[in-house]
Each structure stands twice: as C-alpha cells, then as structure tokens.
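I opened a fresh page for this structure. My plan is to look up contacts, cores, salt bridges and the interface, and to write down what I find.

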Amino acid sequence: MAFTPPKEVNTGKVYSVTMGTGEKAVTIGGENVLPFHGFEGVVPNRPAIAFDVLDIAPVDWPDSVREIYAGVSDDPVKWAKYCVETLNAKAIALRLSGTHPDNGNRSAAEAADTVKRVLDAINVPLIILGSNHVEKDTDVLVKAAEVAKGRNCIIGKAQEANYKTIAAAAMAHDHLLIAMSELDINLSKQLNIMITQLGFNKEKIIIDPMCSALGYGLEYTYTVMERIRLAALTQNDVTMQQPIVGDVGMYVWKIKEVSASEDILPEWGALKERGIAWEAQTASALVMSGAELLIMRHPEAAAAVDAFINELM
Amino acid sequence: MALTGVEIFKMLPKTNCKKCGFPTCLAFAMQLAQRKVSLDACPDVSEDAKKTLGDASAPPIRPITIGAGARAATVGEETVLFRHEKKFVHPSILAVAIKDTDGDDVVVGKINECLASEIDRVGQKLKIDALCLINESNDAGKFDALAKTAAAKAPDVAVILSTENVDAAKAAIANFAGKKPLLYGATEANAEAMAALAKASGASLGIKAAGLDALQALADKVKGLGIEDIILDSGAKTAKEMIEHNTYIRRAVLKKGNKSLGYPVINMAIRDNNTLETLIAGLGIMKYAAVVVLSSAQKWKNLVMFTLRQNIYTDPQVPMQVEQKVYELGNPKAESPLIVTTNFSLTYFIVAGEIENSKVPTWLAIMDCEGLSVLTAWAAGKFTASKIAAFIKDSGIEGKIANKELIIPGYVAILSGALEEKLEGWKITVGPREANALPSYLKSRSA
C-alpha cells in the first residue's frame with residue numbers, strides 16, 4: 001500500500017514584512033506552514049540574518065568575536081560598512097548600547113547622529129536598537145526614528161513599560177517595530193494587542209519573545225516561538241502572525257561556553273570552533289522553531305546558518 | 001491508534017469490582033487511556049478485549065534498544081510532535097561513523113573520541129552513544145577486521161553495522177553476539193537474507209528505501225518476515241528531505257494511525273563542513289531523528305550537540321535543577337562576597353555567568369528550592385527566611401568567610417529583616433533584582 005502523506009493545510013499565515021527600501025530591501029515571513037515545511041504549503045522567503053553593530057567599542061565581547069571587528073569597531077559607520085561590503089551582510093542591527101546610563105549615557109541627539117551617519121553609509125535595511133533601558137530608550141528611539149524617516153527601518157525594542165512612546169514614533173515615521181515580551185506567549189500576544197490598539201498597523205510588528213542561548217534557557221525560547229507559530233497558523237490568530245526575531249548574538253556571546261579557554265576546561269574542546277558553533281546552533285534552533293530574522297555577531301556562525309538554511313529551502 | 005477512555009470502557013467487564021484499585025471500571029478505563037496503569041490490573045477482562053486493548057495500548061512508535069548492558073540506548077516510544085505537549089521520551093542516539101577504509105590511527109582515534117566523550121552537565125551524564133561501522137570497501141574481510149577492532153577496544157559501546165553486503169554483514173555481526181547491534185542495510189534487494197541474519201543474531205534491522213512509499217512497502221515486507229525491531233531510513237539526504245520525511249512519518253504514525261512506519265528513524269548528518277554537520281545533527285535532534293550518524297565527535301562539537309539534545313528533551317513541566325551547595329566562582333577568598341539564590345538551573349546558569357563576567361571572585365550559595373526560580377520559590381514558601389538561614393548554617397560557609405554578610409536577590413528584599421533575626425550576627429544585604437546588574441554591582445562593591 002502506498003504511503004499517504006499526512007499534509008496539514010493551515011488557515012493562517014505569517015505576514016510578509018519588508019524592511020529597508022530599494023534594491024536592498026529584504027522581505028521575511030509570508031509562509032502558511034511551520035518553518036521549512038515547504039512540502040505542504042508556501043515558504044516564499046528565507047529567514048534573514050542581520051549583523052550586530054554597536055555604537056561603542058565592544059569591550060565586553062570575548063576576544064574570538066571582538067578581534068574580527070578590531071580594525072573597525074572604534075566607529076559604527078566603518079563597522080557597518082565592513083559588515084555590508086566585506087562580510088556581505090544583508091541587514092545591520094545598530095545597537096545603541098552607549099546610551100545606557102551605566103555605559104556612557106550618551107544623549108539621544110548623539111545617538112540620532114550615529115544612526116544618521118550609519119544610514120548614509122549603507123543601503124541595506126537597518127534595525128535600530130536601544131540599550132534596553134526602559135526610560136532612556138524612549139528618548140533615544142524617538143529621536144532615532146525621526147532621523148531615519150524614509151528608510152523603513154525596524155525600531156526596537158518596545159516593551160510593556162515603554163511601548164506607547166516608541167510605537168508612536170515608529171508610526172509617525174513609517175518604521176517597523178519590535179515588540180518584546182519575556183518568554184511567555186500570552187504576554188507577547190497581549191503586547192501586540194496593546195500596540196495595535198494605539199492604531200499601529202499589526203502587519204508592521206516584529207515579535208521578540210526574548211531570546212536565550214543554547215544551554216541557558218533555549219528550550220523556553222524554542223517552545224514559545226513554536227507555540228506562537230502554531231497559534232498563527234493552526235488557529236489563525238491574527239495577533240500572533242507577525243515574523244519573529246531571534247536576538248541571538250547578544251545572548252550567546254556572554255556565556256562561559258564561548259569564552260572559557262581549552263586550557264581551563266579541556267573537556268569542552270577547542271574554543272574558537274565552540275563559540276562559532278554555539279551561536280550557529282542557537283540561531284538554527286530558533287529558525288527551526290519560528291524565527292524569520294536573526295541578529296548575529298560571528299560571521300562564520302552566520303555563514304554556517306546560511307548554509308543550513310540553504311539546505312532546508 | 002490510541003483509544004479513548006470511553007472506547008476502552010466498553011470492552012471492560014463493567015462490574016465495578018474495584019479489584020484493579022479504582023472505584024469504577026470507567027475510572028480504570030480513563031487511567032488506561034492515559035497509559036498510567038496496565039490492563040493486567042483487571043483480573044476479569046476477556047481474552048478478546050485483551051487482544052484489542054493490547055494492540056491499542058502498544059506505543060505507536062516501537063521502542064528499540066541498541067547495544068546491551070550499561071551503555072545500551074533505547075529510542076522510540078515518542079507520543080507527540082511538539083515538546084510543549086509532552087516530554088520527548090528518548091533522546092536521539094548520536095553515533096560516530098568509522099569506515100573500514102579508514103587508516104588504523106583514524107579508527108582508533110574515533111573509538112577513543114567516543115569512549116572519552118562523556119561529560120556532566122546539570123547533573124546528567126552525556127555522551128556519544130554508539131559507533132556506526134561503515135562497510136565502505138564492500139569487502140567482507142575488511143569489515144570484519146573493523147568490527148573486531150571495535151569489539152575489542154570498545155566492548156560496551158552500542159554498534160551500528162552499516163552495509164548492504166550480506167556476506168560482510170554476516171562476518172561482522174559475529175563479533176557482537178548478545179550485544180544487540182543494529183544491522184543497518186536491509187534493502188528491497190537483500191531483505192530476506194538481512195532479515196534472516198538479524199533474527200539469527202538478535203539484532204535490530206535498519207531498512208533503507210528511496211522515499212516514503214518504498215519505505216512503507218519495505219517495512220511491511222520485513223515485518224512479514226518476522227522482524228519486530230526496525231529502524232527506518234527513508235533515503236533523506238538533505239536537510240529539506242529530513243524535515244519532510246521525518247515530519248510525515250511522525251505525523252502519519254501519531255495522528256493517522258499508520259502502523260507500517262511505527263518505528264524510530266535514522267538520519268545521516270555527515271557533511272564536509274563540520275560546523276554545518278553539527279547543525280544538521282541539531283536538526284535531527286529537534287525534528288524526530290532517533291539515531292543521528294556523524295563523521296566525527298570533537299569535544300567542542302559534542303558539547304553543542306549534547307546541550308541541544310538536553311534542552312530539547314527536558315520535560316517542559318519539570319524545571320531543571322542543580323545541586324545544592326556553595327559554589328566557588330573564580331577562587332573566592334575569605335573576604336569575597338557571598339550570594340544566595342535558588343537551584344533552578346537557569347537561575348544558577350545566569351547568575352553564575354554574570355558573576356564570572358564580573359571577574360569578582362564570589363561564593364555562590366545555591367539552595368534547593370525544587371528547581372523553582374527566586375520569586376516562584378518565595379511565593380511557594382520554599383525560599384523563606386528560616387529555610388535560607390538553616391541552609392546557610394548547615395552549609396559550613398561560616399567557617400570559610402571573614403565577614404558574615406549575605407547578599408540576597410533584590411526580588412526578596414522583604415526577607416532581609418526576618419533573615420537578620422534568624423541568622424544572628426549576620427549582615428543581610430539586598431542585591432540587584434536581575435542577574436544582569438550583578439557585574440556592575442559586584443565591581444562597585446569591590447572597588
């Protein structure tokens with residue numbers, strides 16, 4: 001007897017979202033099936049990888065990833081150009097870490113100037129991230145959204161405590177918005193609803209259900225993403241049909257497994273390969289569970305994930 | 001397919017005799033439906049019902065054990081497609097491939113990689129589970145020689161014999177009598193001979209076909225030849241084929257009652273690029289491969305695969321826990337700070353990681369709160385002033401530190417007064433609420 005493929009046809013679909021403008025614009029989402037289930041539906045776009053660029057020198061990054069950007073990380077413009085021109089980045093995530101009160105406390109005006117200069121130097125889509133300081137981010141991201149008008153950027157991250165101001169700024173200047181909640185599908189759904197109640201277009205939201213590194217809670221992120229996708233597809237839940245971002249590099253490149261040398265922990269093996277594989281595996285697990293956008297740091301990890309996606313598409 | 005409680009109830013004696021330990025037959029039926037009790041508990045069930053219920057209660061994916069003794073590994077018995085529904089049951093077997101054309105140093109090197117692969121993570125021992133011997137030469141003598149080396153150097157390790165050559169299989173399998181190897185290489189062409197050999201040797205049988213139609217036909221055929229323990233290879237080569245075939249097989253068996261393919265699946269992850277190979281192995285671990293074959297098992301790669309496997313196969317309803325004790329981070333001295341928190345593994349990992357980032361040597365007292373995080377443990381009455389005080393006193397830390405000062409998580413600042421009463425002579429300090437504030441907190445304290 002022949003095998004009958006148990007195809008599952010879903011009622012829902014992930015919104016197709018375009019970031020950036022012109023030839024280098026990138027579209028993600030649009031699928032009506034679980035990740036890479038092209039055998040039973042449509043997967044029109046591949047997940048995109050953005051390279052993480054900071055507005056300050058990455059002093060707390062481990063050597064193995066910091067040394068890659070050694071010649072350019074003193075200047076976010078050089079750094080972003082290097083990612084695009086040499087590493088072939090399809091998108092940049094500019095993280096305004098230097099605006100954090102504990103980390104230099106740069107002003108919103110200074111940050112906006114950095115955003116402007118980076119935008120002038122690159123033609124790929126830009127994700128503009130604050131320092132994850134709830135109050136400071138409102139000032140910083142409002143100014144950043146203003147100077148980035150016309151470039152269809154992604155602004156983030158809006159959280160429960162500050163979403164109103166940030167969403168209003170993204171809306172006023174025609175940007176996309178990252179809505180971040182803490183590892184809970186209900187919180188994520190609730191935040192999306194609150195943002196759309198402000199009049200924000202639900203098809204311009206990117207969900208960040210909070211990332212975690214392999215071995216440091218990855219199973220929680222994995223399962224929350226999987227459940228968000230299942231709600232979007234099988235229940236046709238319009239509040240969960242936005243593309244998902246995995247902010248991978250930030251969570252991976254601070255754990256012990258990517259910085260402890262083989263001399264200290266011989267049973268963990270070669271450090272360089274371990275760090276790259278750690279970031280690549282974390283990212284791969286997230287694209288398998290639902291992420292359409294990844295923010296990464298090590299170019300070799302990004303290349304490995306790209307090769308992985310090639311084999312899946 | 002699994003029966004519902006009511007369907008099962010109809011087949012029971014309906015006497016409510018209570019001999020099974022449940023008040024009514026219906027209650028017993030409900031427990032049977034959830035596979036929480038065995039039908040044997042009912043003394044009066046008819047033979048007919050036994051047969052029907054027995055078939056229905058058998059796990060839809062048959063459990064298969066490869067190897068014997070302490071290093072035997074079991075796969076199969078999975079019941080869901082997504083881990084939030086229920087715990088994934090048996091972690092994928094990771095097997096490292098050795099070809100009979102490899103040089104002696106490569107063979108010995110890989111066997112040693114496998115033997116030395118065990119590491120401990122969150123109290124679990126993780127390792128490469130099996131050797132996959134590949135008859136690359138298609139020569140019986142060479143395959144037998146490799147089998148002899150493996151059997152001598154790694155006598156306890158589970159073995160997969162990969163060959164479609166019946167003579168080679170016959171020669172090699174003789175080295176693993178009583179050790180339940182997986183004979184991996186039955187095809188449409190050699191099924192009869194391979195099935196006879198597997199039966200005679202007590203081996204499970206891996207069957208290979210191109211595509212799911214052919215696989216189903218071959219599975220039915222070897223089952224007809226009397227083989228019960230089967231492992232499936234659908235011929236999936238690329239990641240795209242792996243996810244399609246593995247998903248279709250798991251779904252057909254669990255949701256559509258397909259009995260022909262109710263067996264574990266084997267995938268080849270071998271790639272030229274070792275990082276990509278790691279990710280392909282990860283795909284297998286996440287998406288329903290019971291056995292994943294690798295080209296090598298370097299320590300860095302093992303750590304990544306083991307950690308992913310552990311993450312995916314944890315019970316989503318039971319938090320992971322670490323051992324209760326005072327951990328020494330960065331060689332703390334008598335004047336180093338002492339921090340207390342709960343033994344939820346994530347809490348431990350994140351707090352320990354941030355302390356290590358701070359480069360400030362610290363005593364980290366991890367208290368058993370049944371794996372709950374700080375706020376949950378506090379709310380559940382497991383992280384209270386008297387319990388913390390008792391733990392600190394019993395831990396013996398008092399004799400190792402100069403200043404009796406205990407730093408507690410900011411979320412339980414409310415405990416500081418009560419703790420000062422219970423821990424006489426101690427100073428209680430309220431630390432940050434979130435672990436990510438620990439580096440600046442510790443640095444400013446030590447400045």
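**Entry 1: the cores**

I fixed one term before starting: contact means heavy atoms within 4.5 Å. I also noted that this is a predicted model.

With that term in hand I looked up A:Ile92. Setting aside residues up to four places away in sequence, I found that A:Ile92 touches A:Ala50, A:Phe51, A:Val53, A:Ala80, A:Cys83, A:Val84, A:Ile122, A:Val124, A:Pro125, A:Leu126 and A:Ile127. I then asked which residues have the most contacts inside the largest nonpolar core. They are A:Ile92 and B:Leu133, and that core has 198 residues. Apart from the largest core lies another, of 25 residues. B:Phe391, B:Ile397, B:Ile401 and B:Leu406 are among its members.

**Entry 2: B:Leu415**

Next I went to chain B. I found B:Leu415 in the loop between β16 (405–408) and α15 (416–422) of chain B. Is B:Leu415 buried or exposed? Its relative accessibility is 9%, so B:Leu415 counts as buried. I listed its contacts, leaving aside neighbours within four places in sequence. B:Leu415 is in contact with B:Trp378, B:Phe383, B:Thr384, B:Ala385, B:Ile388 and B:Ile408. I also checked B:Leu415 against B:Leu26, which is 389 residues apart from it along the chain. Their C-alpha atoms are separated by 49 Å.

**Entry 3: A:Arg229**

I turned to a charged residue. A:Arg229 has its place in helix α7 of chain A. I read its relative accessibility as 1%, so A:Arg229 counts as buried. What does its side chain meet in a polar contact? The partner is the side chain of A:Glu292, at 3.3 Å. I wrote down some of the residues that A:Arg229 touches, including A:Val14, A:Glu31, A:Leu34, A:Met240 and A:Gln242. A:Pro243, A:Ile244, A:Ser289 and A:Gly290 are also among them.

**Entry 4: salt bridges within a chain**

How many salt bridges are there over all chains? The count comes to 39. I looked at three of them within a chain.

The side chains of A:Asp52 and A:Arg95 meet at 2.9 Å, N to O, in a salt bridge. A:Asp52 lies in strand β3 (residues 48–54) of chain A and A:Arg95 in strand β4 (residues 91–95) of chain A, so this pair ties together parts that are 43 residues apart in sequence. I found both A:Asp52 and A:Arg95 buried.

In chain B, I found a salt bridge between the side chains of B:Lys148 and B:Asp144, again 2.9 Å from N to O. Both residues lie in helix α5 (residues 140–153) of chain B. They are four residues apart, about one turn of the helix. I checked each partner for burial. B:Lys148 has a relative accessible area of 44%, so it is partly exposed. B:Asp144 stands at 17% relative accessibility, so it counts as buried.

The third pair is B:Lys404 and B:Glu398, whose side chains form a salt bridge at 3.1 Å, N to O. B:Lys404 is partly exposed, with a relative accessible area of 32%. B:Glu398 is partly exposed too, with a relative accessible area of 32%. I then looked for salt bridges that share partners. Such bridges join A:Asp52, A:Arg95, A:Lys157, A:Asp208, A:Asp247 and A:Arg297 into one network.

**Entry 5: where the chains meet**

Last, I looked up the contact between the two chains. Chain A brings 50 residues to it and chain B brings 47 residues. The area buried between chain A and chain B is about 4600 Å². Carbon and sulfur atoms give 66% of that area. Which three residues supply more than any other three of the area that chain A buries against chain B? They are A:Phe3, A:Phe39 and A:Glu311, with 17%.

I also counted the charged and polar links. The rule finds eight salt bridges across the interface of chain A and chain B. One salt bridge joins the side chains of B:Glu356 and A:Lys256, at 3.3 Å, N to O. Between chain A and chain B there are 15 residue pairs in polar contact.

I then asked which elements give two or more residues to the side of chain A that touches chain B. They are α7 (218–234), α9 (271–289) and α10 (299–312) of chain A. α9(A) gives the most, with 10 residues. I sorted the residues of that side by type: 30 are nonpolar, seven polar and 13 charged.

Technical notes
Residues numbered from 1 in each chain as written. Chains lettered and ligands numbered in written order. Predicted model: local features only at pLDDT ≥ 70, side-chain atom pairs only at ≥ 80, totals over all residues. Heavy atoms only, no water. Buried area = accessible area lost by both parts, 1.4 Å probe. Salt bridge = Lys/Arg side-chain N within 4 Å of Asp/Glu carboxyl O. Polar contact = N/O pair within 3.5 Å; in protein donor to acceptor, adjacent residues only side chain to side chain. Nonpolar A, V, L, I, M, F, W, Y, C, P; charged D, E, K, R; others polar. Buried < 20%, exposed > 50% of the residue type's maximum accessible area, 1.4 Å probe, protein only. Core = buried A, V, L, I, M, F, W, Y, C linked by side-chain atoms within 4.5 Å.
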